[in-house]
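Subject: Structure handover and notes

Dear colleague,

Here is the structure I promised to pass on to you. Please open it beside this message, as the notes below refer to residues by number.

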Amino acid sequence: MERGSSEPPTARSASAHAPATPATSSAPSAASAPAASTAPMHIPRSASMSCHTPRSAGAKKRRGASALPRSMSFDPSLLHNNGHTAFANGTGVGIRETGVVEKLLTSYGFIQCSERQARLFFHCSQYNGNLQDLKIGDDVEFEVSLDKRTGKPIAVKLVKIKPEVLPEERISGQVVSAIPTHLDGKSAPGQVPTGSVCYERNGEVFYLTYTPDDVERNMHLDTGDRVSFYMETNKHTGAVSARNIVLVKKKQMRCQGVVCATKEAFGFIERGDVVKEIFFHYSEFKGDLEALQAGDDVEFSIKERNGKEVATDVRLLPQGTVIFEDISIEHFEGTVAKVIPKVPSKNQNDPLPGRIGARINFSEKELPFGEKDTKSKVTLLDGDHVRFNISVDRRDKLERATNIEILPDTFQFTKESREMGVIAAMRDGFGFIKCVDRDARMFFHFSEVLEESPLHISDEVEFTVVPDMLSAQRNHAVRIKKLPKGTVSFHVQSEQRFIGQVDREATPASAAANKNVSPSKAKEKDAEEGVIAYEDCGVKLTVPYYIKDLEGAALPQLGDKVEFSISEVKRTGLQSAVSIKILNRTGNSKRLLGFVATLKDNFGFIETANHDQEIFFHYSEMCGDVDNLELGDTVEYTLSKGKGNKVSAEKVTKVAPVNGIGEDVGTTVLLGKVTRPLRSVDPSQTEYQGLIEVTEEGASKGQSYPFGIVSMASKADCLQKGELVKFQLCTVVHTSQKMACHIVPQRRALVESVKDQFGFITYEVGESKKLFFHVKEVQDGLELQTGDEVEFSVILNQRTGKCSACNVRRVSEGPKPVATPRPERLVNRLKSITLDDASAPRLVIVRQPRGPDNSKGFSIERKARQPGVID
């Protein structure tokens with residue numbers, strides 16, 4: 001088995017191409033040389049690539065026979081003259097030669113002669129010295145003898161020659177190829193691993209090889225390291241190599257970090273190797289500067305400028321490449337021993353000012369933490385029971401608490417005073433709480449909510465009040481916890497029931513006072529309170545009450561006997577009567593049915609069940625969302641009298657639709673004309689109902705029938721006086737009166753004009769001579785043109801009082817537009833022009849026309865046309 005080594009390229013090539021048997025052509029080559037010539041012969045470097053003489057053209061290798069056995073016995077007695085003889089060239093006994101070990105096996109090897117082109121076999125027993133020190137490429141001195149058995153020349157009495165070191169100054173250079181630490185079986189046995197260095201001389205770069213033995217103190221060198229060395233030339237082979245290599249400066253390795261701050265023209269990087277920040281200028285960033293932001297992973301080199309380290313050649317790394325710390329999977333529990341101050345002092349330089357005490361691995365520890373180590377921005381207090389992970393910094397092995405979250409049972413450990421309230425208002429990022437025990441509303445920030453679920457107005461919460469750090473006279477709520485519905489109560493209601501008498505009537509909020517206010521924004525203070533007198537333990541007392549605290553629809557009147565409970569406001573101690581029930585009379589709480597006839601800005605009118613009149617109601621009396629009301633909706637209400645004995649509807653409630661026009665509906669369809677519209681269309685008239693006169697021939701011609709809002713096939717349709725309609729007759733259940741129903745107007749008119757998204761129809765509505773319509777109201781998506789005949793419905797905007805057309809359907813198309821003929825004077829002028837007329841306008845061809853495919857001319861043949869005639 002050969003020794004593992006890595007020899008210089010010349011030796012490696014020679015051993016790779018040399019035959020396994022000793023060279024037999026060296027004797028004739030030596031015989032042809034002069035006998036007296038023993039001077040060293042210069043051997044070109046290329047000659048060492050193949051040292052043996054080529055085989056003769058007719059020579060054939062014997063098939064099946066091994067050229068050289070892997071092991072052979074050597075007997076010195078087989079040599080002539082006690083193992084030594086003379087060469088055929090006349091060299092006498094004792095003449096020594098020099099050479100280079102070319103191949104080295106377990107018990108033998110081969111030497112490349114330096115003075116002549118010959119390759120000699122030698123046995124390891126002939127080496128005078130420690131065989132372990134002998135390596136491929138070593139210079140040796142030997143004598144030549146003939147093997148008595150084979151008659152071939154061999155080398156005997158080998159002595160290693162120490163290499164000659166050039167007496168020069170040390171050369172500065174750089175490692176360009178480090179010696180591989182793991183060859184993975186790629187090097188041949190007996191070869192020595194090598195590396196290479198380079199140096200510069202007169203503007204040229206030269207490369208030298210070196211081996212591990214050439215490095216002082218067995219120092220490990222990396223590519224890019226700065227080194228100094230001596231040059232050594234092998235006098236036999238002429239190969240130059242580096243010796244006595246000393247490390248001058250290690251190569252500056254690339255560092256990694258995370259951009260922690262960016263300014264206008266520079267930034268800072270938190271280094272990944274040490275706990276330190278380093279400055280960098282934007283001119284050193286290699287990439288898209290617009291995309292660079294804090295938190296990006298980067299790599300960089302470090303240089304010293306003006307005595308300070310700066311980062312250079314900054315380049316982006318994939319996100320997540322740089323890791324500063326290792327976070328434990330296990331969770332720990334502990335107690336906050338020191339909180340982070342909201343306003344840090346000027347002398348505070350500790351980036352981790354907080355402290356958490358915990359028992360870890362049977363020992364008490366106090367771990368630091370910073371602002372970024374909490375899972376949320378909820379304020380921490382001393383004594384809080386928390387759960388956390390432990391983070392270990394890879395750079396300095398510092399342990400700290402991170403992912404800190406407050407445990408639900410923490411309020412049992414802290415001595416804080418908790419208060420309750422209801423969310424009263426919310427803005428972008430903050431809100432206000434209506435407190436049970438305080439008059440003022442309490443400010444809070446969304447970051448102080450313990451739960452992840454968002455808060456909503458009227459949610460009941462529990463919180464802690466702390467003074468504002470910026471203003472000691474202001475407080476704000478922190479550590480907000482959502483409570484179940486019904487937990488928070490602003491009042492304390494007595495279980496005892498009292499009996500008293502109405503001493504002063506309470507009145508609801510005036511409709512006039514609230515005409516410009518949304519019903520949902522009406523407040524208690526807008527209503528006037530009443531007073532109830534009662535006795536308690538023989539003492540005469542009075543207590544106020546409000547309409548909202550009544551039970552039932554009836555309003556108590558002066559002198560009415562009532563039963564009630566007393567509610568006390570926790571915050572102020574004020575008392576009022578609640579759950580009030582009238583005892584000595586039954587109020588008129590009969591509920592009536594009606595139909596919404598008109599809707600204005602903040603009030604409307606209800607058509608009665610008999611369809612003969614309308615009742616006013618204010619939106620504040622609507623039980624439900626006013627926006628859900630539409631014309632014709634069925635409602636339930638209670639009648640009441642206000643100031644001036646005016647009747648209005650109260651407690652209006654939308655109910656399921658009922659058949660408002662009766663059950664006895666005739667099948668005959670009649671034609672008629674509107675002689676009186678509804679009062680919602682013409683507010684100047686005193687009667688609510690409209691009238692339709694029958695116009696078709698028959699027994700009923702000339703008769704008139706009333707109609708209401710429920711009589712319209714389309715409740716939004718606005719019937720004008722004089723319009724023609726189709727209708728049927730029905731009988732009102734309560735009055736047995738005949739009235740019109742299923743009324744469909746017969747409107748036809750011409751389109752006057754069409755703009756981009758709207759148009760006008762020639763139709764008179766009130767004082768306007770034309771009716772507006774939007775293109776979205778045109779059925780089947782048709783594009784109307786001026787002159788088209790259309791059918792449509794007219795709707796009245798109850799809030800603006802303006803009418804517009806809807807459900808526009810084209811009945812017939814108008815006449816097509818005809819091209820306006822050219823003026824006669826222009827036609828005569830064109831007819832009078834000839835090609836010979838010098839005063840006629842002429843065209844000068846500047847460039848011939850070309851088609852899209854770059855072809856000349858036109859694809860359609862041009863024809864002569866007569867002037868003044870349109871094709």
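The notes below go through the strands and sheets, then the interior, and then a few single residues.

Please keep in mind that this is a predicted model, in which local features need pLDDT of at least 70 and side-chain atom pairs count only at pLDDT 80 or more, while totals for chains, interfaces and linings use all residues. Residues are numbered from 1 along each chain as its sequence is written, and side-chain values use heavy atoms, with hydrogens and water left out.

Strands and sheets

A few terms come first. Strands are DSSP runs of E with at least two residues, numbered from the N terminus, and two strands pair if DSSP finds at least two bridges between them. Strands of a sheet pair through backbone hydrogen bonds, either parallel or antiparallel.

Strand 4 (residues 139-146) is mostly covered, with six of its eight residues buried, where buried means under 20% relative accessible area, exposed means over 50%, and partly exposed lies in between (1.4 Å probe, protein chains only). Strand 4 pairs in the antiparallel sense with strand 1 (residues 96-104) over five bridges, and seven bridges join strand 4 to strand 5 (residues 153-161), again antiparallel. Glu-143 of strand 4 appears in both pairings, standing opposite Arg-96 and having Val-156 of strand 5 as a bridge partner. Strands 4 and 5 form a hairpin with six residues between them, and Gly-151 in the turn has a positive phi of about 80°.

Further along the chain, five strands make a closed barrel in the order 22-23-24-26-25, with mixed pairing. The twist in this barrel averages 50° from one strand to the next, where axes are lines fitted to C-alpha atoms and angles run from 0 to 180 degrees between N-to-C directions. Within the barrel, strand 23 (residues 430-435) and strand 24 (residues 442-445) run antiparallel and are joined by four bridges, with Phe-430 opposite His-445 of strand 24.

Strand 36 (residues 634-641) has two antiparallel pairings to look at. With strand 33 (residues 592-599) the pairing has four bridges, and Leu-593 stands opposite Glu-636 of strand 36; with strand 37 (residues 647-654) the pairing has six bridges, and the bridge partner of Thr-638 in strand 37 is Glu-650.

An open sheet of five strands follows the order 40-39-38-41-42, with antiparallel pairing. Strand 40 (704-707) and strand 42 (738-745) stand at its edges and have a single partner strand each, so one side of each is left without a neighbour in the sheet. The twist of this sheet averages 45° from one strand to the next. Four bridges join strand 39 (residues 690-694) to strand 40, and Gly-690 stands opposite Phe-707 in strand 40.

The interior

The largest nonpolar core has 16 residues, and those with the most contacts inside it are Ile-761, Tyr-763, Phe-792 and Val-808. Such a core is a set of buried Ala, Val, Leu, Ile, Met, Phe, Trp, Tyr and Cys residues joined through side-chain atoms within 4.5 Å. Strand 43 (749-754), strand 45 (771-774), strand 46 (789-796) and strand 47 (803-812) each supply at least two residues of this core, and its largest share, four residues, comes from strand 46.

Single residues

Two residues other than glycine have a positive phi that you may wish to inspect. Asn-202, with phi near 55°, is found in the loop between strand 7 (195-201) and strand 8 (204-210), and it is exposed, with a relative accessible area of 78%. Lys-651, with phi near 50°, lies in strand 37 and counts as partly exposed at 29% relative accessibility. For context, most residues other than glycine have a negative phi.

Finally, Leu-724 is found in strand 41 (residues 724-731) and is partly exposed, with a relative accessible area of 45%. Leu-724 and Thr-675 are 49 residues apart in sequence and 9.7 Å apart in space, C-alpha to C-alpha.

With best wishes
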